[in-house]
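Work through the exercises below with the sequence and the model open. Try each task before reading its solution.

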Amino acid sequence: MAPGRAARDAAVALLTAVLDDGRTLDGSLDPYSGLSTYRALPDRDRRLAHAIAATALRRHGETAAILSRLITKPPGKRTGPLMRIIEIAAAQILYMGIADHAAVSTAIDQVGDDHTAQHFKGLANAVLRRLARERDAILADLDGPRLATPDWLWQRWTSSYGETTTRAIAATHLVEPSLDLSVASDAEGWAGKLGGIVLPTGSVRLVPSGPVDALPGFAEGAWWVQDAAAAIAPRLLGDVRGKRVADLCAAPGGKTAALALAGAEVTAVDASPERLKRLAANLARLRLTADTVAADILQWAPAETFEAVLLDAPCTATGTIRRHPDIAWLKKPADINSLSAIQAKMIDRAATFLKPGGALVYCTCSLEPEEGEAQMRRALATGAWSLSPIDPGEVAGFAAILTPDRAVRTLPSQMPDDNPRLAGLDGFFMMRLIKA
């Protein structure tokens, strides 16, 4: 097998799993239950396969538009993996700077080795060579942000945030994101060691290079990976030292770690035993402790009530497309209604876990108002809660993320930087409620 072929075969399988089979990219990459073609690769090839597949997903809208122009007569339904092979090669040629001849020749071999796709070898060769030859002209007139965003999301975001902000959000999705770290102590020192910067919120941000577990400080438990926006949520519970705090839907555990580091007695609850095992392993590396409970929080009944609760509710995760480009192509409008109904039930259930006067911080990594602002209005209308406004000082003076009601709304287009790789945030909604 030619060098790099196995990684590119895995990239085709990953792209197919997402776009044709509806699997999440993270699930397909899982070292225990992911795609066998990916899991069988050595580490270096895994990283290459992941990078190619993620780029292809990030640029899927653009590539689909380009190929529809170049392939004027669709080849029909029985083409096997033809179009995914072409798309993987196109991602390398157009967006990754990989040598054209390597991307083209490998793709032609892949097409030729498949008994269904091999009949279209000439088509693949002609399309990919034209892409390589006319790359600059082909890319010149593309509206990347618009093509990268499905119509239904573009319309929703334009309605909620306006077209200028929507375009800025979508442009951020085209840039491979930074690596954000929450550090146990000495953010400036670790930024220096890792070649990163300290954000106003205290997170350390750097352009990733190589495996995360090979970076200085990982083995010692000096930091954990957590988007800078996500790191805000546990701080909104204030001083939790010595308090009993429940972290609901806790895995993978970044918020649990922050609460434990702040001195809380944390009970981390998640429906997935496997995800809780990873949470426990992360806490062990960080030398932090928390009780873990595998349970559906809509059924769980703790023996005692808590002084504070953090609920990071399941959501459409449309605020994390910059890190998870598959979400743009997997989520559907109906998901918003079904998930917002679950979120409302979870907020109501969380009230039963709290002592009177206890605080609930609710957050979702979604840009959809139904999963954020509408949940706040509904919860307050029940009479079970009062709103606890968030002050600029609680978010390191980052007042731009505060809504008129003094909840938090972060957008991917915020936190600008001259280097696009060091800009942006995940999109979150956060509110703090007090049990009546």
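Four exercises on this predicted model follow, each with a worked solution.

**Exercise 1. Helix packing**

Determine how helix H6 and helix H7 are oriented to each other, and which residues make the contact.

Solution.
- Step 1: Two packed helices are described by the angle between their axes and the distance between the axes.
- Step 2: For H6 (residues 82–96) and H7 (residues 100–113), the angle is about 170° and the axes are 9 Å apart.
- Step 3: Angles over 145 degrees count as roughly antiparallel, and H6 and H7 are therefore roughly antiparallel.
- Step 4: H6 contributes Leu 82, Ile 85, Ala 89, Gln 92 and Ile 93 to the contact, while H7 contributes Asp 100, Ala 103, Val 104, Ala 107, Gln 110 and Val 111.
- Step 5: Sorted by class, the residues of this contact are 8 nonpolar, 2 polar and 1 charged.

**Exercise 2. A cysteine pair**

Decide why Cys 315 and Cys 365 are not bonded through their sulfur atoms, and state whether each residue is buried or exposed.

Solution.
- Step 1: A disulfide requires two cysteine sulfur atoms within 2.5 Å.
- Step 2: The cysteine sulfur closest to that of Cys 315 belongs to Cys 365, at 3.6 Å, which is too far for a bond.
- Step 3: Taken from the other side, the nearest cysteine sulfur to Cys 365 is that of Cys 315, and Cys 365 is in no disulfide.
- Step 4: The count of disulfides is 0.
- Step 5: Buried means under 20% relative accessible area. Cys 315, at 12%, is buried, and Cys 365, at 15%, is buried.

**Exercise 3. Strand order**

Give the strand order of the open sheet that holds S1 to S4, and name its edge strands.

Solution.
- Step 1: Strands of a sheet pair through backbone hydrogen bonds, either parallel or antiparallel.
- Step 2: Here 4 strands are arranged in the order S2-S3-S1-S4, with antiparallel pairing.
- Step 3: S2 (197–198) and S4 (223–225) each pair on one side only, as edge strands.
- Step 4: S4 is joined to S1 (residues 179–183) by 3 bridges in the antiparallel sense. Val 183 has Trp 223 of S4 as its bridge partner.

**Exercise 4. A glycine in a strand**

Locate Gly 357 and list its contacts beyond four places in sequence.

Solution.
- Step 1: Gly 357 is part of strand S9 (residues 354–364).
- Step 2: Its relative accessibility is 48%, so Gly 357 counts as partly exposed.
- Step 3: With neighbours within four places in sequence set aside, Gly 357 contacts Ile 434 and Lys 435.
- Step 4: Leu 433 is 76 residues from Gly 357 along the chain, and their C-alpha atoms are 9.3 Å apart.

How values were computed
Residues numbered from 1 in each chain as written. Predicted model: local features only at pLDDT ≥ 70, side-chain atom pairs only at ≥ 80, totals over all residues. Heavy atoms only, no water. Axes fitted to C-alpha atoms, helices over the stretch in contact; angles between N-to-C directions. Helix = DSSP H or I, 4+ residues; strand = E, 2+ residues; numbered from the N terminus. Parallel < 35°, antiparallel > 145°, perpendicular 65-115°, else oblique. Contact = heavy atoms within 4.5 Å. Nonpolar A, V, L, I, M, F, W, Y, C, P; charged D, E, K, R; others polar. Buried < 20%, exposed > 50% of the residue type's maximum accessible area, 1.4 Å probe, protein only. Pairing = 2+ DSSP bridges.
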